[in-house]
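This report covers one helix and its surroundings, then a pocket.

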Amino acid sequence: MTGATASLRRTLGGLPGVDQVGLEARAAALGTRSIKTTAKAWAIDLAISMVDLTTLEGSDTPGKVRALANKAMRPDPTDPSCPAAAAVCVYPDMVAIAKETLGGSGVNVASVATAFPSGRAALDIKLADTRDAVEAGADEIDMVIDRGAFLTGDYRLVFDEIVAIKEACARPDGTHAHLKVILETGELQTYDNVRRASWLAMQAGADFIKTSTGKIQPAATLPVCLLMLEAVRDFRADTGRQVGVKPAGGIRTSKDAIKHLVLVNEIAGEDWLDPDWFRFGASSLLNDLLLQRQKIATGRYSGPDYVTLD
């Protein structure tokens, strides 16, 4: 065992164990918080601005990606006061189309990479996947860790792959695409593993830690999100570097989104209540946010044809 590997094991092994009962009870309690109508309107607009509007299907077409990009820029075409989404998240081969459609709108293009969603590929293939997306114009890269390596205790391999992918996010002008590291928490088996994976990813240079690919269940859950918010809070206290959090998969309603925003405020703090530091990986969430926004504005629910299907 090398000194670097031993040091990494000591750091991760030295993290305190997670009190499962306490974690789940606190998440449940915070999930019941109610907020006033004025705060709800603000929270819905904030949530809209945090959405990574996502299409990650084998049946994706250029037309679908263009339509999604237009929706991200103008979620409610009838109301110019409605904020834009944070990003459009697509496969690498669709990055150029999304980038061209979004133009200078300020909406980012995120791309999954590294043999998403399984992560089962050689490192050179993962690096090529990442570089292709960055060269096509991706502003953000969502990579997946090797869960098999992590679960067998090969933390150094996971760490080194994240470092290598971060380097592949470099652009010729010296800037980097932001790197979101997907832990696929539903496969990590324990809360202790979620905490270890969160710290490992941040130590390796992640700009965001993300719960899930959205392709397996369970995906994002309130206890897991709470645990990851604690991790980024404590990591900043230790290192001075702020890292974002992105829950993804299964967040479909405004009520779900607001529960997560309560967690952000109570656990990490107001500094994370910003699209630069918190995102929702979602496809259907935006529609419900728009319907609830219209309900607050008019006092009545709109029909199902008020929003476009994704």
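## Helix H6

Here a residue counts as buried when its relative accessible area is under 20%, and as exposed when that area is over 50%. The model is predicted, and its residues are sorted below by those cut-offs.

Helix H6 runs over residues 123-135. With 13 residues at 1.5 Å a residue, a span of 18 Å is expected for H6, and the distance between its end C-alpha atoms, 18 Å, agrees with this.

## Two sides of the helix

Lys126, Leu127, Thr130, Ala133 and Val134 are the buried residues of H6. Viewed down the helix axis, these buried residues lie within an arc of 130°, so they line one face of H6. Asp124, Ile125 and Glu135 are exposed on the other side of H6.

Which elements cover the buried residues of H6? The cover includes two helices, H5 (95-102) and H8 (155-168), along with strands S3 (108-112) and S4 (140-144). Just after H6 comes glycine 137, with a positive phi of about 115°.

## The largest pocket

The largest pocket has a volume of about 420 Å³. Its lining is made up of 24 residues, and those closest to the pocket centre are Thr54, Gly214, Gly281, Ala282 and Ser283.

Helix H4 (62-73) contributes at least two residues to the lining of this pocket, and strand S8 (280-282) also contributes at least two. Sorted by class, the lining holds 10 polar, seven nonpolar and seven charged residues.

Key
Residues are numbered from 1 along each chain as its sequence is written. This is a predicted model: local features need pLDDT of at least 70, side-chain atom pairs count only at pLDDT 80 or more; totals for chains, interfaces and linings use all residues. Side-chain values use heavy atoms; hydrogens and water are left out. On a 1 Å grid over the protein atoms alone, a cavity is a set of points where a 1.4 Å probe fits but cannot get out, and a pocket is an open set with protein on both sides within 12 Å along at least five of seven lines; lining residues have an atom within 4 Å of a point. Grid points are joined across faces, edges and corners, and a volume is the space filled by probe spheres set on the points. Helices (H or I, at least four residues) and strands (E, at least two) are DSSP runs, numbered from the N terminus. Ala, Val, Leu, Ile, Met, Phe, Trp, Tyr, Cys and Pro count as nonpolar, Asp, Glu, Lys and Arg as charged, and the others, Gly among them, as polar. The expected span of a helix is 1.5 Å times one less than its number of residues. Buried means under 20% relative accessible area, exposed over 50%, partly exposed in between (1.4 Å probe, protein chains only). The arc is that of the directions from the helix axis to the C-beta atoms. Contact means heavy atoms within 4.5 Å.
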